[in-house]
Amino acid sequence: MFYLTGGHVWVTARPKEVRTVKQIKGDRSLFPYPSAWYCIDDVRTLAPGELKHFSLCGEDIVYFRTESGELAAMEAYCPHMGANFGHGGKVIGEHVQCPFHGFEFGTDGRCAKVPESKGVPKLKARTLHTDLVMDHLFVWYDYLGRPPSFRLQLWDHPLVSTLSTSITMRTHPQELAENGSDLRHFRFLHHNNFRMLRAEADPERPHVFRTTLKGKIFEESSGRQFQRDLLAAEVDIAMNGLGFLAARCDLYKVGVVNQYLACGTPLNEHETVLRIITAFEEIQDFGTFVPGFRRLPGSGWLQSKMQRPVAKLFTKLMFDDVVAVQLEDRDVWHHKIHRSERKGLDRSVVQFRKWAEQFYPNGDPYLSLAEADALPDVSLEAVRASA
Ligand code: FES
Ligand SMILES: [Fe+2]
């Protein structure tokens, strides 16, 4: 269920029978929809007055930009008689208009205008909590209708030149997130020589899991000598819940600090969209990595002219590499099952799974949907209280 922003509350029926992501006899599958901030879209593609629809955790939502530029997201079903805003709905000024009877709703979800009528009924569409990070729209989702338990955080630096793409995977968001704490696969599948310097829940921010890796990004991959030598990196990964992986990648040989996000958003119980977003953060003094650079005549001028193109070049290289690495993972994710057994797991993965439990109803990643439905629902309780 979505969390509602106060006022009138709508509750939609949950699916009666749901098959969770790949399960085999004798093993347990993960509850399909952990609570998280989920990435919906690159909002640079959303013009004022434009509305789009999206399937999030098996439910339809719409997101739109009003004529004045305000962004909003809400459940797609009209609170009047249930028409879908995503199929024929329009943005009219600061409202979204339903395609069925033309009722208009503001960004707070409240009915604001009815055609040929002076009054408006007390109807409210379910709105979603939103956040904007690196030009991307995120919404909060919680199966039990609970409010956001944390805010998204990036490193506090300006970011320039964002690149973004998305890949649909047949997997669960936890499988994507767990990848960052699984050192063994970095070395074997992705052919780098990372060492793990840290993998633990952040003691000050319990919703964050931190992993620090250091090494050459490519150790053995063929035909990429240039990148192999230059892309030595220290990578600091911060999972903010299970839908938002933020990595800060210090390419210390070239003086470029790159940031990237890898964000898994479940469309339904079988498919998750992975969105990869990169941007460079800063470029340091070229003199730190080009011997004798500062003694060159005009080195200050050259550096000021070259900073932006060099940083852009390395950001593009990093972006291509991050995408290539995720495609290597995809082949595994597409066909694997989740093993709940901890035997043989690296300590960092065990730590990660323990941390991840907090994002499931009742702290149990292996609940069935029927068991989750038996738990109190904040949205439902609000409806009863207001009856
Ligand atoms: S169903 Fe939306 S206005 Fe009637
Ligand atoms: Fe991976």
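How do the residues of the lining of the largest pocket divide into nonpolar, polar and charged? In this predicted model, the lining comprises six nonpolar, two polar and eight charged residues.

## The largest pocket

The volume of the largest pocket is about 330 Å³. Its lining consists of 16 residues, of which Glu 175, Glu 178, Asp 182, Val 332 and Lys 336 are the closest to the centre of the pocket.

Four helices each supply at least two residues of this lining: helix H1 (173-178), helix H2 (183-188), helix H4 (299-335) and helix H5 (347-356). Among the contributors to the lining of the largest pocket, H4 gives the most, with three residues.

## The iron site

The iron ion (ligand 2) is held by donor atoms at 2.0 to 2.4 Å. These are OD1 of Asn 179, NE2 of His 185, NE2 of His 190 and, listed twice with an OD atom, Asp 329. Along the sequence, the donor residues of the iron ion (ligand 2) follow the spacing N-x5-H-x4-H-x138-D.

Two of these donor residues can be described further by their accessibility. Asn 179 has a relative accessibility of 12% and therefore counts as buried, the cut-off for this class being under 20%. His 185 also counts as buried, because its relative accessibility is 10%.

## The largest cavity

Two cavities of 30 Å³ or more are found in a search of the whole structure. The largest cavity holds about 360 Å³ of space. It is lined by 29 residues, and those closest to its centre are Phe 186, Tyr 260, Val 322, Val 325 and Gln 326. Two or more lining residues are given by each of H1, strand S14 (232-240), strand S16 (256-266) and H4.

H4 provides the largest share of the lining of the largest cavity, namely seven residues. By residue class, the lining of the largest cavity divides into 21 nonpolar, six polar and two charged residues. H4 thus appears in two linings: it gives the most to that of the largest pocket, and the largest share to that of the largest cavity.

## The sheet S2-S3-S4

Strands of a sheet pair through backbone hydrogen bonds, in either a parallel or an antiparallel manner. One open sheet in the model has three strands in the order S2-S3-S4, with antiparallel pairing. Strand S2 (51-56) and strand S4 (71-75) are at the edges; each has a single partner strand, so one side of each lacks a neighbour in the sheet. On average, neighbouring strands of this sheet are turned by 25° against each other, direction ignored.

Six bridges join S2 and strand S3 (residues 59-65) in the antiparallel sense. One pair of bridge partners is Ser 55 and Asp 60, the latter in S3. S2 and S3 also form a hairpin, with two residues between them. In the turn of this hairpin, Cys 57 adopts a positive phi of about 50°.

## The sheet S1-S10-S9

Another open sheet of three strands has the order S1-S10-S9 and antiparallel pairing. Its edge strands are strand S1 (36-42) and S9, each of which pairs on one side only. From one strand to the next, the twist averages 35°.

S1 and S10 are paired in the antiparallel sense over six bridges. Within this pairing, Cys 39 is placed opposite Phe 138 in S10.

## The loop between S9 and S10

Strand S9 (130-133) and strand S10 (136-141) are linked by a loop in which Met 134 is found. Asp 135 lies in the loop between S9 and S10 as well. Met 134 has a positive phi of about 45°, although it is not a glycine. For Asp 135, likewise not a glycine, the positive phi is about 65°.

Are these two loop residues buried or exposed? Met 134 is buried, with a relative accessible area of 10%. Asp 135 is partly exposed, its relative accessible area being 32%.

Note on methods
Residues numbered from 1 in each chain as written. Chains lettered and ligands numbered in written order. Predicted model: local features only at pLDDT ≥ 70, side-chain atom pairs only at ≥ 80, totals over all residues. Heavy atoms only, no water. Donors = N, O, S within 2.8 Å, 3.2 Å for Na, K, Ca; no water. Buried < 20%, exposed > 50% of the residue type's maximum accessible area, 1.4 Å probe, protein only. Pairing = 2+ DSSP bridges. Axes fitted to C-alpha atoms, helices over the stretch in contact; angles between N-to-C directions. 1 Å grid on protein atoms, 1.4 Å probe; cavity = no way out; pocket = protein on both sides within 12 Å on 5 of 7 lines; lining within 4 Å. Points joined across faces, edges and corners; volume = space filled by probe spheres on them. Nonpolar A, V, L, I, M, F, W, Y, C, P; charged D, E, K, R; others polar.
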